[in-house]
Amino acid sequence: MANFSSRMKELRTERKMTQQDMADTLGLRVRSYQCYEYNEAYPDVPGLIAIADYFDVSLDYLVGRSDVRERQ
């Protein structure tokens, strides 16, 4: 099963977005966003919810607890 950092990269690249694009979308500095993809840091709970909503996936999928993308 994938982890959070690999899911972030997968979802971003599916939308053909750069790391800078994602940082801008989330209101972060690019280095802060890169820490998510490089498995160096994690967003807080409101940040996780915002990311899951943006990509329209479940929190369990986003953090690697499930392979089912759809929200229940």
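## The two sides of helix α4

On one side of α4, V45 and P46 are exposed, where exposed means over 50% relative accessible area, buried under 20% and partly exposed in between (1.4 Å probe, protein chains only). Helices such as α4 are DSSP runs of H or I with at least four residues, numbered from the N terminus. On the other side of α4 from V45 and P46, the buried residues are G47, L48, I51, A52 and F55. Seen down the axis of α4, these buried residues fall within an arc of 135 degrees, so they line one face of the helix; the arc is that of the directions from the helix axis to the C-beta atoms. The buried residues of α4 pack against α1, α2, α3 and α5 (59-62), contact being defined as heavy atoms within 4.5 Å.

This is a predicted model, in which local features need pLDDT of at least 70 and side-chain atom pairs count only at pLDDT 80 or more, while totals for chains, interfaces and linings use all residues. Residues are numbered from 1 along each chain as its sequence is written, and side-chain values use heavy atoms, leaving out hydrogens and water.

## The ends of α4

At the start of α4, a side-chain oxygen of D44 lies within 2.8 Å of the backbone nitrogen of G47. After α4 comes D56, which has a positive phi near 55 degrees.

## Helix packing around α3

Two packed helices are described by the angle between their axes and the distance between the axes. Here the axes are lines fitted to C-alpha atoms over the stretch in contact, and angles run from 0 to 180 degrees between N-to-C directions.

The helices α2 and α3 pack at about 110 degrees, with their axes 8 Å apart. They are therefore roughly perpendicular to each other, a term covering angles of 65 to 115 degrees. From α2, the contact involves Q19, Q20, M22, A23 and L26, and from α3, V30, Y33, Q34 and E37.

For α1 and α3, the angle is about 115 degrees and the axes are 7 Å apart. F4, S5, M8, K9 and R12 of α1 meet Y33, Y36 and E37 of α3.

## Two loop residues with positive phi

K16 is not a glycine, yet its phi is positive, about 55 degrees. K16 lies in the loop between α1 (4-14) and α2 (19-26) and counts as exposed, at 74% relative accessibility.

N39, also not a glycine, has a positive phi of about 60 degrees. Its loop connects α3 (30-37) and α4 (45-55), and N39 is partly exposed, with a relative accessible area of 39%.

Conventions:
Parallel < 35°, antiparallel > 145°, perpendicular 65-115°, else oblique. Polar contact = N/O pair within 3.5 Å; in protein donor to acceptor, adjacent residues only side chain to side chain.
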